[in-house]
Amino acid sequence: MSTATNRLTRRWSGAIAAALACGAIAAQAQDDGRAAFTTYGCYQCHGYEGQGEGAPRLAAKPYTLEAFATFVRKPPNEMPAYARSVLDDSTLESIYRYVQSIPPPRD
């Protein structure tokens with residue numbers, strides 16, 4: 001193999017490894033968010049898929065992280081508020097990322 005081919009092969013191998021690592025990190029983040037969604041009882045009102053079984057739908061909504069955090073920290077309805085001492089910002093963001101990853105329901 002030529003030197004140019006070896007360099008190209010190494011670059012592609014590195015790019016593939018990086019893509020796989022990013023995918024693994026994203027999958028772990030989604031799993032962490034799903035676990036937190038269950039641990040903090042979000043599923044009890046919003047359903048396991050965030051579709052809102054009697055509560056606002058969370059999944060497939062274009063909420064920003066800031067809007068989601070405001071909703072969780074100071075809800076406008078009967079939902080209990082989750083202070084930072086109960087639900088830290090990192091875990092809240094994991095839940096947000098999980099909810100954003102849920103596809104919209106089929107018609």
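**Exercise 1. Place T38 by exposure, element and contacts.**

Solution. T38 has a relative accessible area of 33%, so T38 is partly exposed; on this scale, buried means under 20% relative accessible area, exposed over 50%, and partly exposed in between, with a 1.4 Å probe and protein chains only. The residue belongs to helix α1. Helices are DSSP runs of H or I with at least four residues, strands are runs of E with at least two, and both are numbered from the N terminus. Leaving aside residues up to four places away in sequence, T38 touches Y43 and Y48, where contact means heavy atoms within 4.5 Å. For T38 and Y48, the C-alpha atoms are 7.7 Å apart in space, at 10 residues apart in sequence.

The model is predicted: local features need pLDDT of at least 70 and side-chain atom pairs count only at pLDDT 80 or more, while totals for chains, interfaces and linings use all residues. Residues are numbered from 1 along each chain as its sequence is written, and side-chain values use heavy atoms, with hydrogens and water left out.

**Exercise 2. Describe the overall make-up of the protein, then state where the prediction is weak.**

Solution. Begin with the elements: the protein has four helices and zero strands, and its pattern along the sequence is α-α-α-α. Next, take burial: of the 107 residues, 24% are buried. Among contacts with a separation of 6 or more, 49% are between residues 24 or more positions apart.

Then turn to pLDDT, the predictor's confidence in each residue, from 0 to 100. The average for the protein is 80, and 71% of the residues score at least 70. Among the elements, the lowest mean pLDDT is that of α1 (63) and the highest that of α3 (95). Over residues 19-26 pLDDT stays under 50, and the model has zero contacts beyond four places in sequence for them. Where pLDDT is low, the predicted coordinates should not be read in detail.

**Exercise 3. Find the residues and helices that build the largest nonpolar core.**

Solution. A nonpolar core is a set of buried Ala, Val, Leu, Ile, Met, Phe, Trp, Tyr and Cys residues joined through side-chain atoms within 4.5 Å. The largest one has 17 residues, and those touching the most other members are F37, L58, F68, V72, L87, I95 and V99. At least two residues of this core come from each of α1 (3-39), α3 (65-73) and α4 (89-101). Helix α4 gives the most, with five residues.

I95 serves as an example. Not counting residues up to four places away in sequence, I95 touches G33, A36, F37, Y40, C42, F68 and L87. As a general check, nonpolar side chains in soluble globular proteins tend to be buried together.

**Exercise 4. Which residues of α3 are buried, and what contacts does R73 make?**

Solution. The buried residues in α3 are F68, F71, V72 and R73. The buried residues of this helix pack against α4. R73 has a relative accessible area of 14% and therefore counts as buried.

Two polar pairs involve the R73 side chain. A polar contact is a pair of N or O atoms within 3.5 Å; within protein, one must be able to donate a hydrogen and the other to accept it, and residues adjacent in sequence count only if both atoms are side-chain atoms. One polar atom of the R73 side chain lies 2.7 Å from the backbone oxygen of L87. The R73 side chain also makes a polar contact with the side chain of D89, at 2.7 Å. Beyond four places in sequence, R73 touches A81, Y82, A83, R84, L87, D88, D89 and L92.

**Exercise 5. Classify D32 and A60 by exposure, and name the unusual backbone feature of A60.**

Solution. D32 lies in helix α1 and is partly exposed, because its relative accessibility is 38%. The C-alpha atoms of D32 and Y98 are separated by 8.1 Å, with their positions 66 residues apart along the chain.

A60 is in the loop between α2 and α3. Its relative accessible area is 39%, so A60 is partly exposed. Phi of A60 is near 60 degrees, a positive value in a residue other than glycine. Most residues other than glycine have a negative phi.
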